[in-house]
Amino acid sequence: MKTSLQTAAISRRALALAGLIALAPIHAQAAEAAEAANDPNVIVVTAQRRSENLQNVPISVAVLRSDDLTGPRAGGGDSLLSLSGKVPSLYVESTTGRIFPRFYIRGLGNVDFYLGASQPVSIIQDDVVLEHVVLKSNPVYDVAQVEVLRGPQGSLFGRNTTAGIIKFDNAKPTKDWTSHIDASWGSYNTQSVEAALSGPIAKDGTVTFRLSSLYQHRDNWVTNTYTGVSADGTVGGGKTLGRFTENDTRFQLQFDPSSDTSINLTTNYRAYQGTSTLFYRGSLAKGSNKTVAGWNQKQVAYDEAQNNPQNYSTYGQTLRVRHDYGNVTLTSITSYQGADGWSRGDTDGGAAVNFPFNGAANGYGQSQGRLRGLDQWTQEVRLASKDNARFKWQVGGIYFDARDDTEFDQRGFFVANSPQYNPNNWVLLHNINTSWGVFGQASYKLDDRLTVTGGIRVSNDTKKTALLKTANTAAGASTYTGRTYVRLADTQPSWDLSLLYKAGDDVNLYARVARGFRGPTIQGRSAVFNSDFTTAGSETNTSWEAGIKTTGLGGALHFNLTGFYYTVNNIQLNGNDSNGNGVLFNANKAVGYGGEADLSLKAGNLTLSSGLSLLHTEIKDSNVYAQTCGLNGVQVCTVYNTGGFTKGTGTGTSYFVPINGNPLPNAPTYNLNLSARYDVPLGNGAKLYAAGDWNIQGKTSFVLYRSAEFTANGNNELGARIGYAAPHYEIAAFARNLLNKHNLIGVIENYMAGVYNEPRIFGVALSLR
């Protein structure tokens, strides 16, 4: 059912699409880009909104090709979480299942699980920003390329890019008939089918289309062993958790009425049902981050939350219009994106009766987040010079408008068979986020070797949140508060300046300094506890980096190396002040430094790629604290930070420690990824191949304070596949998490509950071209 909010937004979208008059096609490419497109050894990126050789871009960029992400070379029902560690400095995690990934680049991200949380890593799909966390979870399928841009990208991509961006470019319609089907089946009845069909509608090729789809499924594979009486009717005793079903469709219609004009209309839809993240209460033993003896990933004991269901839909339309006027190209992108759904979970991660305190069941917990409706509308216009000019420039502007109704349902809302039942134990928030930005970038080739590039953007970000219904603690009471908004707004510049020096035909040196801006944030989740909203002002990141990009062996070898240092002023964190108050606040600053190396090699029948990142992060504020792992007045974990204070008495005691000097959460000290493939030619274009990939991550803290339990060091996964490839089909056998590692990737502190990686999957895959 559409809300009035959705209906109004859809009407706005229709008017915007109907009234749009900006015009058309893809830039005439520079000679360099044209040559690159025909050279398999050259990687073409659009990190600066132009098609350029990766080696000539003064930004730290990592690239994932289509074959790295889909088809027989992937498998196992991969989601966006699978991107974690595939390139240096990229980390991805979630405590809300496949629907709410949180992204980190160079250690900068946001651990908050609030549906309205903003992140410093922006997701750009076909030039459209996906701001809300649910939109960011849209899966990868029929993709041409993924680019990870590390460091602030505010000049060209706007606010909330202080850490960087992940840019998804989907495959486009073709004038020739093409199609593919990639299917796989594996353990736990894990299924994946990606299909695409593309070709002409008009015989002269002026009208083309592309239809892409994805289906993924996995059966329940985790048994709920709880068979007692449940306050909300949860039924255990069988395999009731772990499933997911994903159905996604994207349709593109392309109009090329002339060589100067191109119009692309894209419609996308996603329907997802599955299981939210599984927390394993008591899986961590005090004093260690290892699992306790007898722990089994295939078993939980959940006494509430109906086996953690979640159900979401996303949908949208985007109109891209480009027109080449000869010396300049005008581009307009109009997009509407929407979402709705809900996710429910047993947040204590176990049956309370199994963890008694003073002879009674201890630690009930469940909650549900419901996105009643989200409507996001964006309009961007850009004007750019030719790509092959000595002096290149582009200017533009963007307007962003997102509105949603978000509901949070707490335990009392569900437990009809309990004295704690309270049908009014829920809150309703209305959120509005508007933003505008104007920007420009120019690049000038001073001589044949030296190019200087600079960009600047001025952005405004405004957020408003109204509490429409309070979380009443008295059964039968209900208060609807109306639309009184808490409002935060800020206008800030973002800029970058870089130098690219061509030291030789195959060696480029670059240096870059950039400033990014992350807008103010309102944390509405605190209303669940009848507390005031907490807020944080804008944060800014000033980053310095320098690197070398090299090519060898006739283009078969690429080696890129970058060093960086950044300072995030007024960094937004989830923690506490010296009085123990707060959920969201600004700390003084955080610093980070490190390096990244990317290597790719094609040597005969052998293909190798590798990436390494090294990272040190540090919070710098002597007045910020973190609440530690307290339960029933007892600190249940091993805390290494000293000092601090307590609040409350007896079983209500809470513990707080200073976090000055601590690392940022979810910031691995290193990440190493390796992949290799060896082909054995058989003639007529056919070949056998064997391939593998391995990733290992260094010490990572999942919380703001130092502890023995809530860290990981050496998390690693190995994947392997063998196959037979012919010109029009490919068959393969694969394994994901081949060594069946149980990597700790998240925690619920007060319950000593761990979150773990995906199970081992064996499977077979078939690809038809």
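A residue is counted as buried when its relative accessible area is under 20%. Tyr 756, with a relative accessible area of 8%, is therefore buried in this predicted model. Tyr 280 also counts as buried, at 5% relative accessibility.

These two tyrosines form one of the aromatic pairs of the structure, for which the count comes to 17. The ring centres of Tyr 280 and Tyr 756 lie 5.8 Å apart and the ring planes stand at 70°, so the arrangement is edge-to-face. The contact joins distant parts of the chain: Tyr 280 belongs to the loop between β16 (261–275) and β17 (299–300), whereas Tyr 756 is in strand β46 (residues 753–756), and 476 residues separate the two. Elsewhere, ring pairs connect Trp 177, Phe 209 and Phe 251 into a cluster. Aromatic rings also receive arginine side chains over their faces. Arg 106 is placed over the face of Phe 564, at 4.1 Å from the ring centre, and Arg 250 is placed over that of Tyr 141, at 4.3 Å from the ring centre.

Salt bridges were examined next. The search of the whole structure finds 35 of them. In one of these, Arg 218 is joined to Glu 758, with the closest N and O atoms 2.7 Å apart. Arg 218 lies in strand β12 (residues 207–218) and Glu 758 in the loop between β46 and β47, so this pair ties together parts of the chain that are 540 residues apart in sequence. The two partners differ in cover: Arg 218 is buried, with a relative accessible area of 1%, while Glu 758 is partly exposed at 42%.

A salt bridge is also formed between the side chains of Asp 348 and Arg 281, at 3.4 Å from N to O. Asp 348 is in the loop between β19 and β20 (367–385) and Arg 281 is in the loop between β16 and β17, so the link spans 67 residues of sequence. Asp 348 is buried, with a relative accessible area of 0%, and Arg 281 counts as buried at 10%. The side chains of Arg 518 and Glu 539 likewise meet in a salt bridge, with an N to O distance of 3.4 Å. Here strand β25 (residues 507–518) contributes Arg 518 and strand β28 (residues 539–552) contributes Glu 539, so parts 21 residues apart in sequence are tied together. Arg 518 is buried at 2% relative accessibility, and Glu 539 is buried at 3%. Beyond these pairs, a network of salt bridges links Arg 49, Asp 127, Arg 322, Glu 380 and Arg 382.

The strand pairings include an antiparallel arrangement around β18. Strand β18 (residues 309–324) is mostly covered, with 14 of its 16 residues buried. This strand runs antiparallel to β16, to which 15 bridges join it; within that pairing, Ala 271 has Ser 313 of β18 as its bridge partner. Strand β18 also pairs in the antiparallel sense with strand β19 (residues 328–345), over 15 bridges, and the bridge partner of Asn 311 in β19 is Trp 342. Three residues lie between β18 and β19 in the hairpin that they form, and Gly 326 in the turn has a positive phi of about 110°.

An open sheet of three strands with mixed pairing is built in the order β14-β13-β17. Its edge strands are β14 (238–241) and β17, each of which pairs on one side only. Strand β13 (residues 222–224) pairs with β14 in the antiparallel sense over three bridges, and Thr 223 has Lys 239 in β14 as its bridge partner.

Most residues other than glycine have a negative phi. Asn 570, in contrast, has a positive phi near 55°. This residue lies in the loop between β29 (557–569) and β30 (572–573) and is partly exposed, with a relative accessible area of 39%. Asn 632 likewise has a positive phi near 55°. Asn 632 is in the loop between β35 (630–631) and β36 (634–635) and is partly exposed at 22%.

On the surface, a nonpolar patch is formed by Ile 181, Val 193, Tyr 729, Ile 731, Leu 766 and Leu 768, which together have about 470 Å² of accessible area. The elements giving two or more residues to this patch are β44 (729–736) and β47 (761–768). Ile 181 is located in strand β10 (residues 178–186) and counts as partly exposed, at 39% relative accessibility.

Notes. Residues numbered from 1 in each chain as written. Predicted model: local features only at pLDDT ≥ 70, side-chain atom pairs only at ≥ 80, totals over all residues. Heavy atoms only, no water. Phe/Tyr/Trp six-rings, centres within 6.5 Å; stacked < 30°, edge-to-face > 60°. Helix = DSSP H or I, 4+ residues; strand = E, 2+ residues; numbered from the N terminus. Buried < 20%, exposed > 50% of the residue type's maximum accessible area, 1.4 Å probe, protein only. Lys NZ or Arg CZ within 6 Å of the ring centre and 35° of its normal. Patch = residues over 30% accessible without salt bridge, like charges linked within 9 Å, V, L, I, M, F, W, Y side chains within 5 Å. Areas by Shrake-Rupley, 256 points an atom, 1.4 Å probe, with all protein chains shown as cover. Salt bridge = Lys/Arg side-chain N within 4 Å of Asp/Glu carboxyl O. Pairing = 2+ DSSP bridges.
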